[in-house]
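User: I would like to examine the labels assigned here together with the criteria behind them. Please set each value against its definition before concluding.

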Amino acid sequence: MTIWLAQRDQSVVGIGTVGFDIDEMPWSIDTFEEEKDFMLRMIIHAIAGAGWERLSYKPREESLIPCLEQFHTMIHAFYRDDVNLDNYLEWSEIEEDDDQPTIPPGYPKCENHEVYLSCHGCIICNNGS
C-alpha cells in the first residue's frame, strides 16, 4: 500500500495527476482488515506530524490536516465488500521485459530515508532531500 501511494508522487508524475478513488488502491481480500487498520494508523501518525522532519519543506498544516482527516474518514467508511481485486492484480502484475516493475523486486528501501522504493525511487529523495 505504501509503494502504491508513493507512486502518486507529484514531483515525479506532475501536479494534478495524482488523484484516485479509494477503491483504486491495491486492497486485498484476505488481509483487508489489516490493510485498513494500517492505513488508519498511518494517517493518524501523519496528522501528528510523524516523519515530517525528513521532508525538505514544512507542510502547511492548516490545509494538510483537514485533508488527512477527510482521507481517514474515507478509509474508515470503506469496507471489504467495496474492494475491486482487479485493481490490485493489475497494479501488481509484472510485465515481461519490464525493467522498472511497479513493485521493485525484494521491496528495497532508500539507504538514506529507510522508506520503501517505488518504481520512481524514493519519495523523499524525489522531493529534493
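User: Why is the sulfur of C110 not counted as bonded to that of C122?

Analyst: The cysteine sulfur closest to that of C110 belongs to C122, at 3.6 Å. A disulfide is defined as a pair of cysteine sulfur atoms within 2.5 Å, so this separation is too far for a bond. From the side of C122, the closest cysteine sulfur is that of C110, again at 3.6 Å. A search of the whole structure accordingly finds zero disulfides. This is a predicted model, in which local features need pLDDT of at least 70 and side-chain atom pairs count only at pLDDT 80 or more, whereas totals for chains, interfaces and linings use all residues. Residues are numbered from 1 along each chain as its sequence is written, and side-chain values use heavy atoms, without hydrogens and water.

User: What makes C110 and C122 buried?

Analyst: Buried means under 20% relative accessible area, exposed over 50%, and partly exposed in between (1.4 Å probe, protein chains only). C110 has a relative accessible area of 6% and C122 has 5%, so both C110 and C122 count as buried. Buried residues make up 30% of the 129 residues in the protein.

User: How do you know that R41 forms a salt bridge with D37?

Analyst: The rule requires a side-chain nitrogen of Lys or Arg within 4 Å of a carboxyl oxygen of Asp or Glu. The closest N and O atoms of R41 and D37 are 2.4 Å apart, and the pair forms a salt bridge. R41 and D37 both belong to helix 3 (residues 32-47), four residues apart, which is about one turn of the helix. R41 has a relative accessible area of 38% and D37 one of 40%, so R41 and D37 are each partly exposed.

User: What makes E61 and K58 a salt bridge, and how many salt bridges are there by this rule?

Analyst: In E61 and K58 the closest N and O atoms lie 3.3 Å apart, and they form a salt bridge. The count by this rule comes to two. At 38% relative accessibility E61 is partly exposed, whereas K58, at 63%, is exposed.

User: Why are D81 and D82 placed in a patch of negative charge on the surface?

Analyst: A patch is made of residues with over 30% relative accessible area and no salt bridge, with like charges joined within 9 Å and nonpolar side chains (Val, Leu, Ile, Met, Phe, Trp, Tyr) within 5 Å. D81, at 77%, is exposed, and D82, at 36%, is partly exposed. Asp and Glu count as negative, Lys and Arg as positive, and His and the chain ends are not counted. D81 and D82 gather in the patch with D21, D23 and E24. D82 lies in the loop between helix 4 (61-76) and helix 5 (85-92), and D81 is also found between helix 4 and helix 5. D81 and I29, 52 residues apart in sequence, have C-alpha atoms 8.8 Å apart in space.

User: How many helices and strands are there in the protein?

Analyst: Helices (H or I, at least four residues) and strands (E, at least two) are DSSP runs, numbered from the N terminus. The protein has five helices and zero strands, and the elements run α-α-α-α-α from the N terminus on.

User: What is the sign of phi at E114?

Analyst: E114 has a positive phi, about 60°, although it is not a glycine. E114 lies in the segment after helix 5.

Notes. Areas by Shrake-Rupley, 256 points an atom, 1.4 Å probe, with all protein chains shown as cover. Charge placed at Lys NZ, Arg CZ, Asp CG, Glu CD.
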